[in-house]
Amino acid sequence: MANWLFKSEPNCFSFADLEAEPDRTTGWGGVRNFQARNMLRDAVEVGDRVLFYHSNANPPAIAGIAEVVRAGHADPTAFDSEDDHYDPKSDPEKPTWFQVSIRAVKAIDPPLGLPELRTVSALNGMELLRKGSRLSVQPVSDAEWDAVIALTAKKATTSKPKTR
DNA sequence: GCCAACGTTGGC
DNA sequence: GCCAACGTTGGC
């Protein structure tokens, strides 16, 4: 089993949007980068864990946890001429683009912003935090995963309970 | 809006 | 196969 980080622009598709999907599940379509495509096609497996990251957001942050419920298969948005990600060169018999399906597991609320993530030494080498990192599907090591989860737990116990 | 860091394209 | 031009991503 492996861990991943998937990026999405929340004004396009947020973690809340994923939670609102039927069965909290969606096909992760529209990825048009070969490196990311290769991982979706060859490496991502059912049961893998996913950090759901909001890019181009304010703040940019890890906003939830998801799990892979279907391994790589043809990305249907490539065949839909109405879709923004339509690719007429992708042949349904031999698809160029792949997606996996993911299901929302749990929101991270409040989300973990980049500055906060940078305070954790265990995340020093994390791909997400590398300058110029643009890959929309990234592998996450077990140590990095654990450090992120530990940060959410720490935050939960540190935050003051709301009183009224 | 700026700009660094990419990935892709296309001429040669 | 090289590489300059261009387009995109994404933090700030």
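**Entry 1: confidence**

I started with the scores: chain A averages a pLDDT of 93, and 96% of the residues score at least 70. This is a predicted model, so I kept that in mind throughout. Looking along chain A, I found the highest confidence in strand 3 (residues 49-54), at a mean of 98. The lowest is in helix 4 (residues 142-158), where the mean is 89.

**Entry 2: the sheet**

Next I traced the strands. I found an open sheet of six, in the order 2-5-4-3-1-6, with mixed pairing. Which strands stand at the edges? I noted strand 2 (25-27) and strand 6 there; each has a single partner strand, so one side of each is left without a neighbour in the sheet. From one strand to the next, the twist averages 35°.

I then looked at one pairing in detail. Strand 4 and strand 5 run antiparallel to each other and pair over 10 bridges. As one example, I looked up R70 and found its bridge partner, S101, in strand 5. A reminder to myself: strands of a sheet pair through backbone hydrogen bonds, either parallel or antiparallel.

**Entry 3: helix 2 on the sheet**

Helix 2 (residues 34-42) was my next stop. What does helix 2 lie across? I see it across strand 4, strand 5 and strand 6, and it runs at about 110° to strand 5. Its buried residues are A36, R37, M39, L40 and R41, and I was glad to see two arginines named in that list. These buried residues pack against strand 4 (61-74), strand 5 (98-113) and strand 6 (137-140). I also jotted down that an α-helix has 3.6 residues a turn, so residues three or four places apart point the same way.

**Entry 4: K106**

I picked K106, which sits in strand 5. Is K106 buried or partly exposed? I counted it as partly exposed, because it has 13 C-beta neighbours inside 10 Å. Leaving out residues up to four places away in sequence, K106 touches G64 and I65. I also checked K106 against E19: they are 87 residues apart in sequence, and their C-alpha atoms are 8.6 Å apart in space.

**Entry 5: backbone oddities**

For context, most residues other than glycine have a negative phi, and most peptide bonds are trans. I went looking for exceptions.

- The peptide bond from N58 to P59 is cis, with omega near 0°, and I placed P59 in the loop between strand 3 and strand 4.
- The bond from D109 to P110 is cis too, with omega near 5°; P110 lies in strand 5.
- D23 is not a glycine, yet I read a positive phi of about 60°. D23 lies in the loop between helix 1 (15-20) and strand 2, and I count D23 as exposed because it has 9 C-beta neighbours inside 10 Å.
- R24, not a glycine either, has a positive phi of about 50°. I found R24 in the loop between helix 1 and strand 2, where R24 counts as partly exposed, with 15 C-beta neighbours inside 10 Å.

**Entry 6: the DNA**

Last, I listed the surroundings of the DNA. Which residues surround strand B of the DNA? I noted N33, F34, Q35, K131, G132 and R134. By type, the surface near DNA strand B has one nonpolar, three polar and two charged residues.

Around DNA strand C I found K7, S55, N56, P60, L114, R134 and S136. That surface divides into two nonpolar, three polar and two charged residues. I marked R134 in my notes, since it appears around DNA strand B and also around DNA strand C.

Key
Residues numbered from 1 in each chain as written. Chains lettered and ligands numbered in written order. Predicted model: local features only at pLDDT ≥ 70, side-chain atom pairs only at ≥ 80, totals over all residues. Near = placed C-beta within 6 Å. Nonpolar A, V, L, I, M, F, W, Y, C, P; charged D, E, K, R; others polar. Buried ≥ 20, exposed ≤ 12 C-beta atoms within 10 Å, placed from the backbone. Helix = DSSP H or I, 4+ residues; strand = E, 2+ residues; numbered from the N terminus. Contact = placed C-beta atoms within 7 Å. pLDDT = per-residue confidence, 0-100. Pairing = 2+ DSSP bridges. Axes fitted to C-alpha atoms, helices over the stretch in contact; angles between N-to-C directions.
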